[in-house]
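Colleague: Hi! Could you walk me through this fold, one question at a time?

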Amino acid sequence: MNGPGTVCYVPDVQPTLSVVIPTHRRAWLLPEILEPLLADEATAELIVVVDGRDAATLEVLEATPDPAGVLRWSVLEPNQGLVRAKCHGTRLAGGDVVLQLDDDVRAHQGLASGHLSHHQAGEPLVVVGSMHVAPGMRRRVLERVVARNYERNYATAVADYEADSGRIL
């Protein structure tokens, strides 16, 4: 018998994927961030949480091609911060699996499909993968150094994990 909080998987049912991206005044990054996710058939819904009303961000979202009709957005007013924006987007998500990405993480082709494929094994898990920071960020020198170090350290951790998948990141 399954109690509250028990996760049940039905092996023959394909799980659905919701992608949640909180954003705060980074309209110029969104086209590059959204395009590969919208092109990925595994993306059942793509939710952008606009943290604090921003006309430029809303213009980009309204102009974004979405032939599959999976893109939607919500505006938090006033701005609530990254954690609340992620939680808000996750509450809106209807997918069986939720992939949270920051608005400066470049999603490569196949990211959503690859992420979802790890969940199809039927076991509850957390999937951690490579995260590449988008170029063109208006960052101070220290922030650029931290971002480069983060990406390099993350790449090393992922390579170690791929060499021994029994390890937990």
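**A walk through the fold**

Modeller: Happily! Keep in mind that this is a predicted model. To begin, the buried residues of H1 pack against strand S1 (17-23), strand S2 (43-51), H2, S3, strand S5 (105-106) and helix H4 (111-119).

Colleague: Which residues of helix H1 (residues 30-39) are buried?

Modeller: A general point helps first. An α-helix has 3.6 residues a turn, so residues three or four places apart point the same way. In H1, the buried residues are Leu 30, Ile 33, Leu 34, Pro 36, Leu 37 and Leu 38.

Colleague: In what order do the four strands of the open sheet lie?

Modeller: Their pairing is parallel, and the sheet is open. S3 and strand S4 (97-100) are the edge strands, as each pairs on one side only. On average, neighbouring strands of this sheet are turned by 25° against each other, direction ignored. Read across, the order is S3-S2-S1-S4.

Colleague: Which residue in S3 stands opposite Ile 47?

Modeller: Start with the strands: S2 and S3 pair in the parallel sense over six bridges. Within S3, the residue opposite Ile 47 is Arg 72.

Colleague: What angle does the direction of H2 make with that of S3?

Modeller: H2 packs on the sheet, where H2 touches S1, S2 and S3. Comparing the direction of H2 with that of S3 gives about 165°.

Colleague: And which strands does helix H3 (residues 82-92) touch?

Modeller: H3 packs on the sheet too, and its direction makes about 145° with that of S2. The strands that H3 touches are S1, S2, S3 and S4.

Colleague: Which residues make up the uncovered face of S4?

Modeller: Here is a handy rule. In a regular strand the side chains alternate between the two faces of the sheet. In S4, Val 97 and Leu 99 form the covered face. The uncovered face has Val 98 and Gln 100.

Colleague: Which residue stands opposite Leu 99 in S4?

Modeller: S4 pairs with S1 in the parallel sense, over four bridges. The residue opposite Leu 99 is Val 19.

Colleague: Which element gives the most to the largest nonpolar core?

Modeller: In soluble globular proteins, nonpolar side chains tend to be buried together. The largest nonpolar core here has 24 residues, and Val 19, Ile 21, Leu 34, Leu 46 and Leu 101 touch the most other members. The elements that give two or more residues to this core are S1, H1, S2, H2, S4 and H4. With five residues, the element that gives the most is H1.

Colleague: Is Leu 61 buried or exposed?

Modeller: Leu 61 is found in helix H2 (residues 55-63). Leaving out residues up to four places away in sequence, Leu 61 touches Leu 30, Leu 34, Val 48, Val 50, Leu 71 and Trp 73. Since buried means under 20% relative accessible area, the 1% of Leu 61 makes this residue buried.

Colleague: How far is the C-alpha atom of Leu 61 from that of Leu 30?

Modeller: Along the chain, these two residues are 31 residues apart. In space, their C-alpha atoms are separated by 8.0 Å.

Colleague: One last puzzle: is Thr 64 buried or exposed?

Modeller: Thr 64 lies in the loop between H2 and strand S3 (71-76). Not counting residues up to four places away in sequence, Thr 64 touches Leu 34, Leu 38 and Leu 71. The relative accessibility of Thr 64 is 15%, so this residue counts as buried.

Methods
Residues are numbered from 1 along each chain as its sequence is written. This is a predicted model: local features need pLDDT of at least 70, side-chain atom pairs count only at pLDDT 80 or more; totals for chains, interfaces and linings use all residues. Side-chain values use heavy atoms; hydrogens and water are left out. Buried means under 20% relative accessible area, exposed over 50%, partly exposed in between (1.4 Å probe, protein chains only). Contact means heavy atoms within 4.5 Å. Two strands pair if DSSP finds at least two bridges between them. Axes are lines fitted to C-alpha atoms, for helices over the stretch in contact, and angles run from 0 to 180 degrees between N-to-C directions. A nonpolar core is a set of buried Ala, Val, Leu, Ile, Met, Phe, Trp, Tyr and Cys residues joined through side-chain atoms within 4.5 Å.
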